[in-house]
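Please open the model in a viewer and keep the sequence panel visible. The stops below give a selection and then say what is found there.

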Amino acid sequence: MPSSLQIKDLQLFRQNEQLLSINEHIAGGDILTVMGPSGSGKSSLLNWLTGTLASDFTATGTVWLNDKNVTHLPAHLRRIGVLYQDALLFSHLSVAGNIAFAMPKGNKKQRVEKIAQSLAQVGLEGMGDRHPDNLSGGQQARVALLRTLLSEPKAILLDEPFSKLDTQLRMDTRQLVFDQIRTHKLPAIMVTHDQSDAEAANGKVIYLGRIIN
């Protein structure tokens, strides 16, 4: 069965102020873009999806992943991966160690081989033993992507993951991320302030309650 992420009848409030009202179905490989100014509830939407909504927010509605209601599951059981603005790599682990940290447990040799193959696929061949602090911003972004993908999520959220990259690197990294989302057929939601991100995603855009096709 193809992957899908569905938001049913979400209404998100900060105190008594309604920020969002959303009904969306995202098929595997599709990217829904959410745009709007700071404070409009974009990041809070992602927090609600991952089960980490702050206590000063309330929400009604449900989130479904592959036709399973995950609304009340704890964050670590939802199988929803997130890419943030910062790579958030662990300094005490190697590149390979960072990727392995999030992978499901299994045969160690197979895990090592999978990490090596994945690094080669994103242009980081042989860098598994490198210290993440010695990588460029673009290389760190690719390691963060692999860590998310190899955790085998059922959906992926993008919280402005390209905003700190320069223009060319932003374009290259964005293309890599989008290609991987489509290859793995993951439903994705991207929060961004950048119109070029939305255009590159080539999907539906929600902007402050208005939907742009």
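## Stop 1: helix H1

Select H1 and colour by burial: Lys 42, Ser 44, Leu 45, Leu 46, Trp 48, Leu 49 and Thr 50 are its buried residues. The model is a predicted one. H1 covers residues 42–50, and seven of its nine residues are buried, so that the helix is mostly covered. Move one step past the helix to Gly 51, where phi is positive at about 80°.

## Stop 2: the whole chain

Zoom out and show the protein as a cartoon. Six helices and ten strands are present. Along the principal axes, the C-alpha atoms fill a box of roughly 50 × 35 × 35 Å. How does the radius of gyration compare with that of a compact globule? For 213 residues such a globule would have a value near 17 Å, and the protein, at 17 Å, agrees with this.

Switch on the surface. About 11,000 Å² is accessible, and carbon and sulfur atoms hold 49% of that area. Of the 213 residues, 45% are buried. Among contacts with a separation of 6 or more, 69% join residues 24 or more positions apart.

## Stop 3: the open sheet

Select E1, E2, E4 and E5. These four strands make an open sheet, ordered E2-E1-E4-E5, with antiparallel pairing. Which strands stand at the edges? They are E2 and E5 (68–69); each has a single partner strand, so one side of each lacks a neighbour in the sheet.

Start with the pair E1 (residues 4–14) and E2 (residues 17–27), which is antiparallel and runs over nine bridges. Pick Ile 7 and look across to E2: its bridge partner there is Glu 24. Two residues lie between the strands of this hairpin, and Gln 15 has a positive phi near 55°.

Now turn to the pairing of E1 with E4 (residues 57–65), also antiparallel, with eight bridges. Gln 6 has Trp 64 as its bridge partner in E4.

Follow the chain from E4 into the loop before E5 and select Asp 67. Asp 67 is not a glycine, yet its phi is positive, about 65°. Is this residue buried or exposed? With a relative accessible area of 52%, Asp 67 counts as exposed, because the limit for that class is over 50%.

## Stop 4: the loop between E6 and H2

Select Leu 88, which sits in the loop between E6 and H2. Leu 88 is another non-glycine residue with a positive phi, here about 55°.

## Stop 5: the nonpolar cores

Show side chains for the largest nonpolar core, a set of 32 residues. Ile 99, Ile 115, Leu 158, Val 177, Phe 178 and Ile 181 have the most contacts inside it. At least two residues of this core come from each of H2 (95–101), H3 (108–121), H4, E7, H5 and E8. The most come from H4, which gives five residues.

Centre on Ile 99. Beyond residues up to four places away in sequence, Ile 99 touches Ile 115, Leu 119, Val 143, Leu 146, Arg 147 and Leu 150. Then find the second core, which is separate and has 25 residues, including Leu 12, Leu 49, Phe 57 and Val 82.

## Stop 6: Thr 148 in H4

Select Thr 148, a residue of helix H4. Its relative accessible area is 8%, and Thr 148 is therefore buried, the limit being under 20%. Which residues is Thr 148 in contact with, leaving aside its neighbours within four places in sequence? They are Gly 81, Val 82, Leu 83, Pro 153 and Ile 156.

## Stop 7: helix H5

Finish on H5, residues 167–183. Its 17 residues, at 1.5 Å a residue, should span 24 Å, and the end C-alpha atoms agree, being 24 Å apart. Select the buried residues of H5: Arg 170, Thr 173, Arg 174, Leu 176, Val 177, Phe 178, Gln 180 and Ile 181. Their cover includes strands E3 (31–35), E6 (80–83), E7 (155–159) and E8 (188–191), and helices H4 (137–149) and H6 (195–201). Lys 185, which follows H5, has a positive phi near 55°.

Note on methods
Residues numbered from 1 in each chain as written. Predicted model: local features only at pLDDT ≥ 70, side-chain atom pairs only at ≥ 80, totals over all residues. Heavy atoms only, no water. Expected span 1.5 Å × (residues − 1). Buried < 20%, exposed > 50% of the residue type's maximum accessible area, 1.4 Å probe, protein only. Contact = heavy atoms within 4.5 Å. Pairing = 2+ DSSP bridges. Rg over C-alpha atoms; globule rule 2.2 N^0.38 Å. Areas by Shrake-Rupley, 256 points an atom, 1.4 Å probe, with all protein chains shown as cover. Core = buried A, V, L, I, M, F, W, Y, C linked by side-chain atoms within 4.5 Å.
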